[in-house]
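User: Hi! I'm new to looking at protein models and I'd like to learn how to read a few features. Could you walk me through this one?

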Amino acid sequence: MTTSRVSSTVSEHHSIDFVETLLKVPVTVRGTEYLFPVVTYVDHEYSLIRGYLLGFHKLLRGRPADADPLTLCLPGLDIDLRADEKPAGEEPLPREQEFPMLLWTNYSVGRVYSRGFATLAIEDYERKSLVPLDAIRKEQTIAGRDLTVSRLYEIQDTFVIRRTVPLEGEGRLLPN
């Protein structure tokens with residue numbers, strides 16, 4: 001589970017701020033390990049549309065103005081990713097957090113058709129910080145199942161998404 005506070009640059013003088021919460025699971029496809037984003041909850045239309053075109057299954061959800069962006073409560077989903085203020089000590093991220101993201105598209109818009117698995121082409125990645133933290137609330141509910149949080153990580157990074165890259169044998173048809 002990842003919750004991100006995002007500032008996405010859309011032009012030289014304009015950016016859009018939004019929050020998105022991703023439920024990701026590790027998968028293996030053709031012998032390669034990936035993280036597959038099962039569902040992403042977003043609070044801004046820009047993230048919804050852009051994510052859909054990239055291959056993320058995104059759902060728009062409203063957020064009360066006074067709601068903490070690190071909490072999300074919907075039917076079958078009750079998460080609270082707030083953490084104690086003090087770092088929990090030094091430890092690396094779980095290895096699956098370094099897997100590339102595996103995306104799925106299946107759409108046709110005008111003469112643009114996209115169907116199949118792809119990964120993201122990311123440039124200029126920079127991890128600015130990684131801080132392990134302890135969750136304030138250990139018990140969470142995801143997909144109607146009770147789970148226990150073992151560790152939270154606060155990560156600050158920057159990157160540029162250039163495009164998606166189809167897996168070998170997958171189809172992407174774009175107009176000439």
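Analyst: Let's take the sheet, a helix, some salt bridges and a surface patch in turn. Keep in mind that this is a predicted model.

User: Okay, sheets first. In what order do the strands of the open sheet of 4 strands come?

Analyst: A general idea to start with: in a regular strand, side chains point alternately to one face of the sheet and then the other. Here, the order of the open sheet is S1-S2-S3-S4, and its pairing is mixed. Strand S1 (2-11) and strand S4 (58-60) are the edge strands; each has a single partner strand, so one side of each has no neighbour in the sheet. On average, neighbouring strands in this sheet are turned by 35° against each other, ignoring direction.

User: Which pairs in there run antiparallel, and over how many bridges?

Analyst: Go pair by pair. S1 and strand S2 (residues 14-29) are antiparallel, over 9 bridges. S2 and S3 also run antiparallel, joined by 10 bridges. Then comes the reason for the word "mixed": S3 and S4 run parallel, with 3 bridges joining them.

User: Can you show me some residues that face each other across those pairs?

Analyst: Sure, one for each pair. Ser 11 has His 14 in S2 as its bridge partner. Lys 24 sits opposite Pro 37 in S3. And for Thr 40, the bridge partner is Lys 58 in S4.

User: What is special about Arg 30 in the hairpin of S2 and S3?

Analyst: Look at its backbone angle. That hairpin has 2 residues between the strands, and Arg 30 takes a positive phi near 50°.

User: And where does helix H1 lie?

Analyst: Helix H1 covers residues 45-54 and lies across S1, S2, strand S3 (32-42) and S4. Against S4, H1 runs at about 160°.

User: Next up, salt bridges. How many are there?

Analyst: The general idea is that side chains of opposite charge can pair when their charged atoms come close. In this structure there are 8 salt bridges. One of them joins the side chains of Arg 137 and Asp 78, at 3.4 Å from N to O. This pair links distant parts of the chain, 59 residues apart: Arg 137 is in the loop between S8 and strand S9 (139-142), while Asp 78 is in strand S6 (residues 77-80).

User: Are Arg 137 and Asp 78 buried or exposed?

Analyst: In between! Arg 137 has a relative accessible area of 28%, so we call it partly exposed. Asp 78 is partly exposed as well, with 28%.

User: Which residue does Arg 82 pair with, then?

Analyst: Arg 82 meets Asp 80 in a salt bridge, at 2.6 Å from N to O. Arg 82 is partly exposed at 33% relative accessibility, whereas Asp 80 is buried at 5%.

User: What does Asp 134 form a salt bridge with?

Analyst: The partner of Asp 134 is Arg 151, and their closest N and O atoms are 2.3 Å apart. Asp 134 is in the loop between S8 and S9, and Arg 151 is in the loop between strand S10 (145-148) and S11, so this pair ties together parts 17 residues apart in sequence. Asp 134 counts as partly exposed at 24%, and so does Arg 151 at 23%.

User: Ser 150 lies in the loop between S10 and S11. How far is it from Asp 134 in space?

Analyst: The C-alpha atoms of Ser 150 and Asp 134 are 7.8 Å apart, although the two residues are 16 apart in sequence. Ser 150 is exposed, at 65% relative accessibility.

User: Last one: which residues form the nonpolar patch on the surface?

Analyst: Ile 122, Tyr 125, Leu 130, Ile 155 and Phe 159 make up the patch, with about 420 Å² of accessible area together. Strand S8 (112-133) and strand S11 (152-166) each supply at least two of its residues, and S8 gives the most, with 3. Ile 122 belongs to S8 and is partly exposed, at 42%.

User: For contrast, is Leu 167 buried or exposed?

Analyst: Buried: its relative accessibility is 11%. Leu 167 is in the loop between S11 and strand S12 (171-173). Beyond its neighbours within four places in sequence, Leu 167 contacts residues including Val 29, Tyr 34 and Phe 117. Leu 167 and Val 29 are 138 residues apart along the chain, with 9.7 Å between their C-alpha atoms.

Key: Residues are numbered from 1 along each chain as its sequence is written. This is a predicted model: local features need pLDDT of at least 70, side-chain atom pairs count only at pLDDT 80 or more; totals for chains, interfaces and linings use all residues. Side-chain values use heavy atoms; hydrogens and water are left out. Patches are made of residues with over 30% relative accessible area and no salt bridge: like charges are joined within 9 Å, nonpolar side chains (Val, Leu, Ile, Met, Phe, Trp, Tyr) within 5 Å. Accessible areas come from the Shrake-Rupley method with a 1.4 Å probe; for residues, only the protein chains shown count as cover. A salt bridge is a side-chain nitrogen of Lys or Arg within 4 Å of a carboxyl oxygen of Asp or Glu. Buried means under 20% relative accessible area, exposed over 50%, partly exposed in between (1.4 Å probe, protein chains only). Two strands pair if DSSP finds at least two bridges between them. Axes are lines fitted to C-alpha atoms, for helices over the stretch in contact, and angles run from 0 to 180 degrees between N-to-C directions. Contact means heavy atoms within 4.5 Å.
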